[in-house]
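Hello,

Here is the structure I promised to pass on to you. Please open it alongside this email, and then read on for what turned up in it.

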Amino acid sequence: MTLHVQHHISDELLLDYASGTLAEGWSIAVATHLALCPSCRDRLSFMEHAGGELLETVDVDEPVSEAASWTSMMGKIAAEKDRPAVETPARVAASGEALIPEPLRSYLGSDVDGLKWRALGRGAYHIPIKTGDAESQVRLLKIPAGKPVPEHSHGGRELTLVLKGAFTDGSTVFRRGDLEEADETLTHQPVATPDEDCICLAVTDAPLKFKSLIVRLVQPVLGI
Ligand SMILES: [Zn+2]
């Protein structure tokens, strides 16, 4: 099966990940996208390479303008962007075929077929995923075919990675491997495509602010 990933990790997010400053919850979404996306793995290796070169050229005793370092690093990345992609076939074959690739798989346990879905209302289900960081909330979501997830806005960043099926948000379609990055400026309404249930990984940084009063009331009970 060949994936045609259309929606990738932003430069900003990938740099945070590459520099090790991204909290665990967000990193799970980034790393799971990387498992499904050779082109982002390639971008990551450029960044790591460019970051290493940057460190070698910087005199640590000299104060460095952050803006200048940033520009220099992005320049190197842009200059190398046309380099042919480096494939790692073993890793692609091992991780790309599984419905739930690593590292997400490790968080869910080995029995992927026996996942304990919890009802979320309106036919949707979720599985909260525990991580070591307190700033993000990670869960697997199952949205019934043709149905929306409860409408919400949020106080910060939200990452949604499709693992099975697809959803549309406005006129944009997100399929397996695609990552949607949303922030507080966006009230969005993902809707599963009508052909099959959509399973995705959702990472948010604040408890979701559902617009519906009823959903807001049951939020503490459901632990969402
Ligand atoms: Zn990608």
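Just after helix α1 comes G20, and the phi angle of G20 is positive, near 80 degrees. Please keep in mind while you look around that this is a predicted model.

Staying with α1, which covers residues 11–18, you will find that its buried residues are L13, L14 and L15. Two of these, L14 and L15, also belong to the set that meets helix α3. The full set on the α1 side is D11, L14, L15, Y17 and A18, and their partners in α3 are C40, R43, L44, M47 and E48. Sorted by class, this contact has seven nonpolar and three charged residues, with no polar ones.

How do the two helices lie relative to each other? Two packed helices are described by the angle between their axes and the distance between the axes. Here, the axes of α1 and α3 (residues 38–57) come within 10 Å and cross at roughly 60 degrees. That angle falls short of the 65 to 115 degrees that would count as roughly perpendicular, so α1 and α3 are oblique to each other. The crossing of α1 and α3 is right-handed.

Further along the chain, two glycines in loops are worth a look.

- G146 sits in the loop between β3 (137–143) and β4 (152–153). Its relative accessibility is 38%, so G146 counts as partly exposed. Setting aside neighbours within four places in sequence, G146 is in contact with V191, A192, T193 and P194. The C-alpha atom of G146 is also 9.1 Å from that of C198, although 52 residues separate the two along the chain.

- G156 is found in the loop between β4 and β5 (158–164). With a relative accessible area of 5%, G156 is buried. Not counting residues up to four places away in sequence, G156 touches A182, D183, E184 and D205. Its C-alpha atom lies 8.5 Å from that of T185, which is 29 residues away along the chain.

One last item concerns aromatic rings. How many aromatic pairs does a search of the whole structure find? The search finds one. The pair is made by F167 and F174, whose ring centres are 5.0 Å apart. Their planes are at 20 degrees, and planes under 30 degrees apart count as stacked, so this pair is stacked. Both F167 and F174 are buried.

Enjoy exploring, and do write back with any questions.

Best wishes

Key: Residues numbered from 1 in each chain as written. Predicted model: local features only at pLDDT ≥ 70, side-chain atom pairs only at ≥ 80, totals over all residues. Heavy atoms only, no water. Axes fitted to C-alpha atoms, helices over the stretch in contact; angles between N-to-C directions. Helix = DSSP H or I, 4+ residues; strand = E, 2+ residues; numbered from the N terminus. Parallel < 35°, antiparallel > 145°, perpendicular 65-115°, else oblique. Left-handed = near helix turned anticlockwise from the far one by under 90°. Contact = heavy atoms within 4.5 Å. Nonpolar A, V, L, I, M, F, W, Y, C, P; charged D, E, K, R; others polar. Phe/Tyr/Trp six-rings, centres within 6.5 Å; stacked < 30°, edge-to-face > 60°. Buried < 20%, exposed > 50% of the residue type's maximum accessible area, 1.4 Å probe, protein only.
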